[in-house]
Amino acid sequence: MDPAKAKEYINRIRRFRILVMGRANAGKTTILQRVCNTTEKPEIRNGKGEKVDAAVVQGSLMRGHHNIEDELVFRSNPGFVFHDSCGFESGSVEQFDMMKKFVRDRAKIAVVDERIHAIWFCIPLNESHRMVMAAERKFFDECDTGHVPVIVLLTKADTLSLEVVQELTGQGMSIDDAMKGAAEVEKKKLDDYLEMVKGWLNKKSFPPEDYLPLTGMQQEGADCTPLLSCTANALKEEGLQQLLISTQQSGLELCMEFAIKE
């Protein structure tokens, strides 16, 4: 796509829209805060653009209800719009059907500014005994996202460090030796978990476009370049890639990477 056409495309789509999926406590909000470089909670607006009281949303979540149409926007970077699938992971058929309809409709809606452009599916590694459960299998078996890429994010990978140290000390190592040897064992464990998840999900009818382990997300100012680069590479349209790059306000490294590719 030539620069003039790419600019025209970006002008038609004001904001980059992402559907974030995954069970409760998968680290979703933390990732969004790091991407938008903030520690604040997002503003929530309904499908009409009206601000929603966060207390009302929280109450709905506690009752097991959630509106996937609600938009989550951070004041620090309003160029991103997020939607949260929260609900179907608990096993609700009704919530799953609502999520599926949302994905189907928003993947091809005529108003390009309302389309979802990417899906981040979070799977936490601090629950390694149940990394991929029925909800994840059901999604990748039944939900055709069309041209919208799904990227599986292996979250909370940092918890593996403590897990590894406990394993090594349990084998008789001193704390000091366990700390020194943890990094190598941790990397192997992370690679093993990644291959396990790929093995499970790549066999599904609609497998993910890509997989990415995330570390360091608990730290303010965490580097989100790998996440944004992975997302940009998964996009099929160059105009969307440029929109994502332009939306990431401080992504100099990302801009340079894609400038070199061009």
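**Note on the predicted model**

1. Glu-114 is partly exposed, with a relative accessibility of 23%, and this residue makes a useful way into the structure, which is a predicted model. Glu-114 pairs with Arg-17 in a salt bridge whose closest N and O atoms are 3.8 Å apart. The two residues come from distant parts of the chain, since Glu-114 sits in the loop between H4 and E5 while Arg-17 belongs to strand E1, 97 residues apart. Arg-17, for its part, is buried, at 0% relative accessibility.

2. The count of salt bridges in the model comes to 17. Another of them joins Lys-28 to Asp-84, with 3.2 Å between the closest N and O atoms; because Lys-28 is in helix H2 (residues 28-35) and Asp-84 is in strand E4 (residues 80-84), this pair ties together parts that are 56 residues apart in sequence. Lys-28 has a relative accessible area of 10% and is buried, and Asp-84, at 17%, is buried as well.

3. Lys-51 and Glu-43 also form a salt bridge, in which the closest N and O atoms are 3.8 Å apart. Here Lys-51 is exposed, at 57% relative accessibility, whereas Glu-43, at 22%, is partly exposed. Elsewhere, shared partners link salt bridges into one network that is made up of Arg-15, Arg-17, Glu-69, Glu-71, Arg-106 and Glu-114, so the pair described in the opening point, Glu-114 with Arg-17, belongs to that network.

4. The largest nonpolar core contains 35 residues, and the ones with the most contacts inside it are Ile-31, Phe-80, Phe-82, Trp-120 and Leu-153. Two or more of its residues come from each of E1, H2, E4, E5, E6, helix H8 (225-234) and helix H9 (238-247), with H8 giving the largest share, five residues. Once neighbours within four places in sequence are set aside, Leu-153 is in contact with Ile-31, Trp-120, Phe-121, Cys-122, Ile-123, Leu-212, Leu-214 and Leu-227. Apart from this core there is another, of 30 residues, which includes Phe-96, Ile-116, Leu-190 and Val-197.

5. In helix H5, which spans residues 134-142, the buried residues are Ala-135, Glu-136, Phe-139 and Phe-140. They lie on the same side of H5, because the arc that they cover around the axis is only 120 degrees. The elements covering these buried residues include strand E1 (16-21), helix H4 (93-108), strand E5 (118-124), strand E6 (150-155) and helix H7 (175-201).

6. The cysteines call for a brief comment, as the count of disulfides is zero. For Cys-36, the closest cysteine sulfur is that of Cys-224, and the separation of 8.8 Å is too far for a bond, given that a disulfide needs the sulfur atoms within 2.5 Å. Cys-36 is buried, with a relative accessible area of 3%, and Cys-122 is likewise buried, at 1%.

7. Confidence should be kept in mind when reading the model. The chain has a mean pLDDT of 81, and 82% of its residues reach 70 or more. Among the elements, strand E7 (residues 210-213) has the highest mean pLDDT, at 96, and helix H3 (residues 54-62) has the lowest, at 50. Over residues 59-64 the pLDDT falls below 50, and this stretch has four contacts in the model beyond near neighbours in sequence. Where pLDDT is low, the predicted coordinates should not be read in detail.

Terms used: Residues numbered from 1 in each chain as written. Predicted model: local features only at pLDDT ≥ 70, side-chain atom pairs only at ≥ 80, totals over all residues. Heavy atoms only, no water. pLDDT = per-residue confidence, 0-100. Helix = DSSP H or I, 4+ residues; strand = E, 2+ residues; numbered from the N terminus. Contact = heavy atoms within 4.5 Å. Buried < 20%, exposed > 50% of the residue type's maximum accessible area, 1.4 Å probe, protein only. Arc of directions from axis to C-beta. Salt bridge = Lys/Arg side-chain N within 4 Å of Asp/Glu carboxyl O. Core = buried A, V, L, I, M, F, W, Y, C linked by side-chain atoms within 4.5 Å.
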